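Please work through the exercises below with the sequence and the model side by side. Each one sets a task and then solves it step by step.

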Amino acid sequence: MTPLITGANRGIGLGLLQLYAGRGLAPIGTARTDAPPRVEGARWMPLDVTDSKAQRGLAESLGDAALDLLVCNAGAFLDRNQTPDDGYPPEMWAQMFATNVTGVFLTVQAMLPLLSRSDRPRIAIISSQMASDERAPGGSYIYRASKAAALNLGRNLATDLKPRGIAVGIYHPGWVRTDMGGEGGDISADQAAEGLAARFEALSLETTGCFETWDGRPHPY
């Protein structure tokens, strides 16, 4: 299996990259940074997920390779502590949607030829429980809206790509102790990576379109 993980330079993405490298799967990690952490057994490729030209360039650089697992993990959470009275500037909306939604689609679009060469192609979209319409405690409007949009995107991609043999799953990674999740999280990045990897392995055309937690529970939409 060959996995490709976007936003793999820290947090959950790095945890997944290290896990797959440890299993000898030669994963590919992408990052915007010029100096990602060294992970033995993994390969780094530069990528800004919001840049369609860079996406096409990455796909072309991989040549005739087959991609078995695409993990759309790159994301931004910039709207903590914003208020509805004078916060949430339009530039923040544009930036976060460009990464959390458009970036997911551009990644999938660019990698479709490589996924089509796999015997068992799967796409995993990292969303959040904050995407759920059934759980609306308020705050973080942009992040919640963008992750809900990513969930909707994944569900619709699942419908359109199923006839092509490509399964799509959407996942809540848990409240993880990372730079994004904060120190108060319930689980470590390694725990999240272990659970998510199990979910990705279980993903099939029978379960395509699922919205699940890192530990295998169906999540309400």
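The exercises that follow treat the sheet, a helix packed on it, salt bridges and aromatic rings.

This is a predicted model, in which local features need pLDDT of at least 70 and side-chain atom pairs count only at pLDDT 80 or more, while totals for chains, interfaces and linings use all residues. Residues are numbered from 1 along each chain as its sequence is written, and side-chain values use heavy atoms, with hydrogens and water left out.

**Exercise 1. Work out the order of the strands in the sheet and find which strands stand at its edges.**

Step 1. Strands (E, at least two residues) and helices (H or I, at least four) are DSSP runs, numbered from the N terminus, and two strands pair if DSSP finds at least two bridges between them.
Step 2. Read in this way, 7 strands form an open sheet with parallel pairing, in the order S3-S2-S1-S4-S5-S6-S7.
Step 3. Strand S3 (43-46) and S7 each have a single partner strand, so one side of each is left without a neighbour in the sheet, and these two stand at the edges.
Step 4. From one strand to the next the twist averages 25 degrees, where axes are lines fitted to C-alpha atoms, for helices over the stretch in contact, and angles run from 0 to 180 degrees between N-to-C directions.
Step 5. S6 and S7 run parallel and are joined by 3 bridges; Ile170 stands opposite Phe211 in S7.

**Exercise 2. Determine which strands H5 touches as it packs on the sheet.**

Step 1. Contact means heavy atoms within 4.5 Å.
Step 2. By that rule H5 touches S4, strand S5 (122-126), S6 and S7, and its direction makes about 145 degrees with that of S5.

**Exercise 3. Locate the salt bridges of Glu194 and Arg199, and decide whether the partners are buried or partly exposed.**

Step 1. A salt bridge is a side-chain nitrogen of Lys or Arg within 4 Å of a carboxyl oxygen of Asp or Glu, and the structure holds 5 of them.
Step 2. Glu194 meets Arg23 at 3.6 Å, N to O.
This pair links distant parts of the chain, 171 residues apart, with Arg23 in the loop between helix H1 (11-22) and strand S2 (28-31) and Glu194 in helix H5 (residues 189-202).
Step 3. Buried means under 20% relative accessible area, exposed over 50% and partly exposed in between (1.4 Å probe, protein chains only); Arg23, at 48%, is partly exposed, and so is Glu194, at 46%.
Step 4. Arg199 forms a salt bridge with Glu212, the closest N and O atoms being 3.9 Å apart.
Here Glu212 lies in strand S7 (residues 211-213) and Arg199 in helix H5, 13 residues apart.
Step 5. Glu212 is buried at 19%, and Arg199 is buried at 18%.

**Exercise 4. Classify the aromatic pairs Tyr88 with Tyr141 and Tyr171 with Phe200.**

Step 1. Rings of Phe, Tyr and Trp (its six-membered ring) pair if their centres lie within 6.5 Å, and planes under 30 degrees apart count as stacked, over 60 as edge-to-face and the rest as tilted.
Step 2. The count comes to 5 aromatic pairs.
Among them, Tyr88 and Tyr141 are stacked, at 4.7 Å centre to centre and 20 degrees between the planes.
Step 3. Tyr88 lies in the loop between strand S4 (69-72) and helix H3 (90-115) and Tyr141 in helix H4 (residues 141-161), so the pair ties together parts that are 53 residues apart in sequence.
Tyr88 is buried at 9% relative accessibility, whereas Tyr141 is partly exposed at 35%.
Step 4. Tyr171 and Phe200 are edge-to-face, at 5.2 Å and 65 degrees.
Tyr171 belongs to strand S6 (residues 167-172) and Phe200 to helix H5, 29 residues apart, and both residues are buried.
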